[in-house]
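Morning, everyone. I have one structure to go through today, and I will keep it short. Please look at the screen.

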Amino acid sequence: MEIAVLRNGLFESNTWVVGEHGCCTVIDCGAPAADILETVRRMGCRVTHIVLTHGHLDHVCQAEALVETTGASLCLHEWEKGLYSDPEASGFSLFGIPRSRTFPMPDRLLRDGELLETGGPSFRILHTPGHTAGCICLLADGHLFSGDTLFWRGVGRTDLPTGDAGMLVRSLRDTLYRLAPETVVHPGHGPDTTIGQERTQNPHVTAD
């Protein structure tokens, strides 16, 4: 499994490209579409899936361009469709960013615990509400793509539409912190970390 990151996304969000067997999945798409496609080209793979960890604009703003260019299947958790489809709740209107009427709706609505087969990497979907109601993380071969649920020494904010601080704490303690401590965390913003480090050193939510 090959992993590439583009750290030049809107609001410094991370876009992840994960490839295997000639197929790759784009996880979140805040980086310029041209840069994402160049990364895919260098990796020598075909984009089969675009998975959005949640519906905020800095993670979805290039969805239209990527879907049009690649024809990939757009995936989102079933609880996140309402926020994603609302220009105000997703942040487009708040920041004055136009969104076309043809902005793509998801081809597939994901559920907690399911295995997403992509032709390349296979991802276990972990529903981790808190930052938004439909936030997800994706687990593959000891690598966790955590979106805005968990960062290096940080967690996602909960004061935006559908956010819930109590749910975020439960998502971390009951789901993510129960993963193997050596699990590498690839977050939606900032540098990588591990589950073991965040369980004991995250100043916002520890394992106990």
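**A surface leucine, a sheet and two histidines**

Let me start with L94, which counts as exposed because its relative accessibility is 64%, and the cut-off for exposed is over 50%. Before going on, note that this is a predicted model. L94 sits in a loop, the one between α4 (81-84) and β6 (108-110). Which residues make up the nonpolar patch on the surface with L94? They are F11 and F95, and together the three have about 340 Å² of accessible area.

Now the sheet. It is open and has six strands, in the order β1-β2-β3-β4-β5-β6, with mixed pairing. At the edges are β1 (2-6) and β6, each of which pairs on one side only. On average, neighbouring strands here are turned by 25 degrees against each other, ignoring direction.

If you are new to this: strands of a sheet pair through backbone hydrogen bonds, and they do so either parallel or antiparallel. For an example on screen, take β2 (residues 15-20) and β3 (residues 23-27). These two strands run antiparallel and are joined by five bridges. One residue to find there is V17, whose bridge partner in β3 is V26.

Next, the helices that lie across the strands. Helix α1, residues 33-43, lies across β1, β2, β3 and β4 (46-51), and it runs at about 20 degrees to β2. Helix α3, residues 63-70, lies across β3, β4 and β5 (73-77), and its angle to β4 is about 150 degrees.

That leaves two histidines. The first to look at is H59, in helix α2 (residues 57-60). Is H59 buried or exposed? It counts as buried, because its relative accessibility is 0%, and buried means under 20%. Setting aside residues up to four places away in sequence, H59 touches S13, D28, C29, G30, L52, T53, H54, D148, G188 and H189.

The other is H143, in strand β10 (residues 143-147). H143 has a relative accessible area of 22%, so it is partly exposed. Again leaving out neighbours within four places in sequence, H143 is in contact with M1, I3, L138, T183, V184 and H186. Of these, look at T183: it is 40 residues from H143 along the chain, yet their C-alpha atoms are separated by 5.7 Å.

To recap the accessibility: L94 is exposed, H143 is partly exposed, and H59 is buried. That is my part done.

Definitions and conventions: Residues numbered from 1 in each chain as written. Predicted model: local features only at pLDDT ≥ 70, side-chain atom pairs only at ≥ 80, totals over all residues. Heavy atoms only, no water. Patch = residues over 30% accessible without salt bridge, like charges linked within 9 Å, V, L, I, M, F, W, Y side chains within 5 Å. Areas by Shrake-Rupley, 256 points an atom, 1.4 Å probe, with all protein chains shown as cover. Salt bridge = Lys/Arg side-chain N within 4 Å of Asp/Glu carboxyl O. Helix = DSSP H or I, 4+ residues; strand = E, 2+ residues; numbered from the N terminus. Buried < 20%, exposed > 50% of the residue type's maximum accessible area, 1.4 Å probe, protein only. Pairing = 2+ DSSP bridges. Axes fitted to C-alpha atoms, helices over the stretch in contact; angles between N-to-C directions. Contact = heavy atoms within 4.5 Å.
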